[in-house]
Amino acid sequence: MAYRLATDTRNKSCDAIVDDIDAGAGAGTIAIRTGAQPTNVGDADTGTLLGTLTFSDPAFGAASTGVATASAITSDTSADASGTAGHFRIKDSDANIHSDGTCGQGSGDLDFDNNVIVAGGTIAISSLTVTVPI
Amino acid sequence: MSTSSSDDKVKELRELQRKQRKALEQTNRELASLQPPPKPGMKTWVGGSFAPPLDTDKLTRYRELADAAVSSQVREVLHKLCDMVEKFWETPSSSLSGVAHPSGRGLVVKLEDDEIKRIWDYVPYDKENKMYAELFDTIDAKTDKELRDAAFHLLWFAVELEKDREPLTNDML
């Protein structure tokens, strides 16, 4: 039998992960950038900043069965630059990196059905979830 | 062989290519649905990009920028995409019903089949759009910002039209 986590443990783990986005006085953010992710999640930003979306504060509701669902994410209604979305970085309001992932079109952790970003345009993200496995 | 007979054969070939492309896309969708679920902790999120609207004044300016571009490749592709937009503007808006955009913002309206056929020769394939993205990424974001913005604006329209749908600009949200 494989190693397993109890539901309560999963919930606590999941809450700890997502609550870390709320560190600082304000709401966490998701920055959409060009190019590949930095080599390590703690490395400095790479690529060009295309736009920044803002989490609600708190960003996520309480986890249930190891899954936390984000509250509404405020779109960026005036993208900063033009380019192809390559990766995203999540930070708290003190600009501490929380996590990152890939962007793609029909692929990636953040899947844009059109990953071309145009300066002055709008960038939106659907409701998202974070899962801690059994 | 008469010219009209040749034209008919070309049209038949293009229609066959279009049907083959659609069949391939459907197969890929079916295969994707068979993929294993994402790794725990890493859930696929869905994003949407909605460009500003495009009008004749902007398109005129984009052609001016294309003419002034140092790179002949950029110049050629930009004019090609401007031609695509102008051709698209000749067609009436789709009368089909819309479905929710995957990002949760706005409605996606598919183009009607006749419209797709009318603009078929002007709309790049997906792999061409990817090549254009790499080309446009060579345009300096600081020294040639206006050209870069124009290029990606046109490319955004190309991606939308390649998906056989009405471009959903941010003023339509």
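Helices and strands are taken here as DSSP runs, a helix having at least four residues and a strand at least two, numbered from the N terminus. In these terms A:Ala95 is found in the loop between E5 and E6 of chain A. The structure is a predicted model, and this loop offers a convenient point of entry.

A:Ala95 has a positive phi of about 65°, although it is not a glycine. Most residues other than glycine have a negative phi, and most peptide bonds are trans. The residue is exposed: A:Ala95 has a relative accessible area of 53%, and the cut-off for that class is over 50%. The strands on either side of the loop form a hairpin with 5 residues between them. E5(A) and strand E6 (residues 97–105) of chain A pair in the antiparallel sense, over 5 bridges.

Within this hairpin, A:Phe88 belongs to strand E5 (residues 87–91) of chain A. Across the pairing, A:Phe88 stands opposite A:Gly101 in E6(A). A:Phe88 counts as buried because its relative accessibility is 3%, where the limit is under 20%. Its contacts, leaving aside neighbours within four places in sequence, include A:Ile30, A:Ala31 and A:Ile32, as well as A:Cys103, A:Leu110 and, from the other chain, B:Trp45. By contrast, 22 Å separates the C-alpha atoms of A:Phe88 and A:Ser13, which are 75 residues apart along the chain.

From E6(A) the path leads on to E7(A), with which it pairs in the parallel sense over 3 bridges. Here A:Cys103 has A:Leu110 of E7(A) as its bridge partner. A:Cys103 is buried, with a relative accessible area of 10%; A:Cys14 is likewise buried, at 0%. The count of disulfides over all chains is 0.

Strand E7 (residues 110–112) of chain A also pairs across the chain boundary. Its partner is E1(B), in the parallel sense, over 3 bridges, and A:Asp111 stands opposite B:Val46 in that strand. E1(B) pairs with a further strand of chain A: 4 bridges join it to strand E9 (residues 122–125), and these two run antiparallel. In this second pairing, A:Thr122 stands opposite B:Phe50. Strand E1 (residues 45–50) of chain B is mostly covered, with 5 of its 6 residues buried.

Chain B as a whole has 6 helices and 3 strands, and from the N terminus on its elements run α-β-α-α-β-β-α-α-α. Of its 173 residues, 40% count as buried. Among contacts in chain B with a separation of 6 or more, 67% are between residues 24 or more positions apart.

Which residues of helix H3 in chain B are buried? They are B:Val74, B:Val77, B:Leu78, B:His79, B:Leu81, B:Cys82, B:Met84, B:Val85 and B:Phe88. An α-helix has 3.6 residues a turn, so residues three or four places apart point the same way. The cover over the buried residues of H3(B) includes helix H2 (56–68), helix H4 (113–119), helix H5 (126–136) and helix H6 (145–162) of chain B. The length of the helix agrees with expectation: at 1.5 Å a residue, the 19 residues of H3 (residues 72–90) should span 27 Å, and the end C-alpha atoms are 27 Å apart. At the N-terminal end of H3(B), B:Ser71 acts as a cap, with a side-chain oxygen 3.3 Å from the backbone nitrogen of B:Gln73.

The largest nonpolar core has 38 residues, of which B:Leu78, B:Leu81, B:Met84, B:Phe136, B:Leu154 and B:Leu155 touch the most other members. H2, H3, H4, H5 and H6 of chain B each supply at least two residues of this core, and the largest share, 11 residues, comes from H6(B). Not counting residues up to four places away in sequence, B:Leu155 touches A:Val116, B:Leu81, B:Asn129, B:Tyr132, B:Ala133 and B:Phe136. Apart from this core lies another, of 29 residues, among them A:Ile21, A:Ala70, A:Ile125 and A:Val130.

Two further backbone features remain. B:Asp164 is not a glycine, yet has a positive phi of about 60°; this residue is found in the segment after H6 of chain B. B:Asp164 counts as buried, at 4% relative accessibility. In chain A, the peptide bond from A:Asp57 to A:Pro58 is cis, with omega near 5°, and A:Pro58 lies in the loop between strand E2 (49–54) and strand E3 (67–69).

How values were computed: Residues are numbered from 1 along each chain as its sequence is written. Chains are lettered from A and ligands numbered from 1 in the order in which they are written. This is a predicted model: local features need pLDDT of at least 70, side-chain atom pairs count only at pLDDT 80 or more; totals for chains, interfaces and linings use all residues. Side-chain values use heavy atoms; hydrogens and water are left out. The expected span of a helix is 1.5 Å times one less than its number of residues. Buried means under 20% relative accessible area, exposed over 50%, partly exposed in between (1.4 Å probe, protein chains only). Contact means heavy atoms within 4.5 Å. A polar contact is a pair of N or O atoms within 3.5 Å; within protein, one must be able to donate a hydrogen and the other to accept it, and residues adjacent in sequence count only if both atoms are side-chain atoms. Two strands pair if DSSP finds at least two bridges between them. A nonpolar core is a set of buried Ala, Val, Leu, Ile, Met, Phe, Trp, Tyr and Cys residues joined through side-chain atoms within 4.5 Å. A disulfide is a pair of cysteine sulfur atoms within 2.5 Å.
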